[in-house]
Amino acid sequence: MRAKDYKGIALEFAESVARGDKIAGREVVLACERFLNDLKREDIELRMRDPNAVCSIIEGYFVHQQGEDMRGRPLLGQPFILQPWQVFVVVNLLGFYYVGTDERRFKEAFIMVPRKNGKTSFIAALEFAVAILQRRSGSTSYIVANALKQALQAFHFITFN
């Protein structure tokens, strides 16, 4: 099986938003423009090893716990296939490094997505995959929510998988 082109997916998302082909809010447009500008910078570089690993872990091991697709078909047990915006977040967050170092450009993220867009499942899967990626460092990571119930949903999604 051929590996997915996660860089291409993220690049196409960023370009379509920056061109105005895909409707997005001001912050998303700015994030996409920054991503495209970062690709041209000489002091940082895009390394795809970590984003490829994280996207592959999520799509290879996680399944939906609930919900329906756009046609009303149940998603329970179906593979968790990342949407282009989610791939963009992973590549942008984990892919950029300062040239000549192992220091990532971004070390934390604040991700706001409207209700009922799968953010809890995505963040839980992302957190788990990044934890696997960084397991040797013994680092700690957190999923923070507005309410305990929301944080528990993320925890239960991980344990379901």
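This report covers the nonpolar core, three helix pairs and two loop residues of a predicted model.

## The nonpolar core

The largest nonpolar core holds 34 residues. Within that core, Phe-35, Val-54, Ile-58 and Phe-88 touch the most other members. Six helices each give two or more residues: α1 (6-19), α2 (26-38), α3 (49-61), α4 (84-95), α5 (119-133) and α6 (148-160). The top contributor is α4, with 7 residues.

Phe-88 shows how these parts meet. Leaving aside residues up to four places away in sequence, Phe-88 touches Ala-10, Phe-13, Ala-14, Ala-31, Cys-32 and Phe-35. Phe-35, one of these partners, is itself among the residues with the most contacts to other core members.

## How α2 meets α4

Two packed helices are described by the angle between their axes and the distance between the axes. For α2 and α4, the axes come within 11 Å and cross at roughly 50 degrees. Angles from 35 up to 65 degrees fall outside the parallel and perpendicular classes, and α2 and α4 are therefore oblique to each other. The crossing of α2 past α4 is left-handed.

On the α2 side, the contact uses Ala-31, Cys-32, Arg-34 and Phe-35. On the α4 side, it uses Phe-88, Val-91 and Asn-92. By type, the contact residues of α2 and α4 are 5 nonpolar, 1 polar and 1 charged. Phe-88 also touches Ala-31, Cys-32 and Phe-35 in its own contact list.

## How α4 meets α5

The axes of α4 and α5 come within 12 Å. They cross at roughly 35 degrees. Here α4 passes α5 in a right-handed crossing.

From α4, the contact takes Trp-85, Gln-86, Val-89, Val-90 and Leu-94. From α5, it takes Phe-122, Leu-126 and Val-130. This set divides into 7 nonpolar and 1 polar residue, with no charged residue.

## How α3 meets α5

The helices α3 and α5 pack with their axes 9 Å apart, at an angle of about 125 degrees. That angle makes α3 oblique to α5. The crossing of α3 and α5 is right-handed.

Asp-50, Ala-53, Val-54, Ile-57 and Ile-58 form the α3 side of the contact. The α5 side is Ala-125, Leu-126, Ala-129, Val-130, Ile-132 and Leu-133. The contact of α3 with α5 has 10 nonpolar residues, no polar residue and 1 charged residue. Val-54 and Ile-58 of this contact are also among the residues that touch the most other core members. On α5, Leu-126 and Val-130 serve here and in the contact with α4.

## Two loop residues

Two residues lie in loops between a helix and a strand. Glu-42 is in the loop between α2 and β1 (44-46). Is Glu-42 buried or exposed? Glu-42 has a relative accessible area of 77%, so it is exposed. Glu-42 and Tyr-142 are 100 residues apart in sequence. Their C-alpha atoms are 32 Å apart in space.

Thr-101 sits in the loop between β2 (96-98) and α5. Its relative accessible area is 30%, so Thr-101 is partly exposed. Thr-101 and Pro-79 are 22 residues apart along the chain. Their C-alpha atoms are separated by 35 Å.

Note on methods: Residues are numbered from 1 along each chain as its sequence is written. This is a predicted model: local features need pLDDT of at least 70, side-chain atom pairs count only at pLDDT 80 or more; totals for chains, interfaces and linings use all residues. Side-chain values use heavy atoms; hydrogens and water are left out. A nonpolar core is a set of buried Ala, Val, Leu, Ile, Met, Phe, Trp, Tyr and Cys residues joined through side-chain atoms within 4.5 Å. Buried means under 20% relative accessible area, exposed over 50%, partly exposed in between (1.4 Å probe, protein chains only). Helices (H or I, at least four residues) and strands (E, at least two) are DSSP runs, numbered from the N terminus. Contact means heavy atoms within 4.5 Å. Axes are lines fitted to C-alpha atoms, for helices over the stretch in contact, and angles run from 0 to 180 degrees between N-to-C directions. Angles under 35 degrees count as roughly parallel, over 145 as roughly antiparallel, 65 to 115 as roughly perpendicular and the rest as oblique. A crossing is left-handed if the near helix is turned anticlockwise from the far one by less than a right angle, and right-handed if clockwise. Ala, Val, Leu, Ile, Met, Phe, Trp, Tyr, Cys and Pro count as nonpolar, Asp, Glu, Lys and Arg as charged, and the others, Gly among them, as polar.
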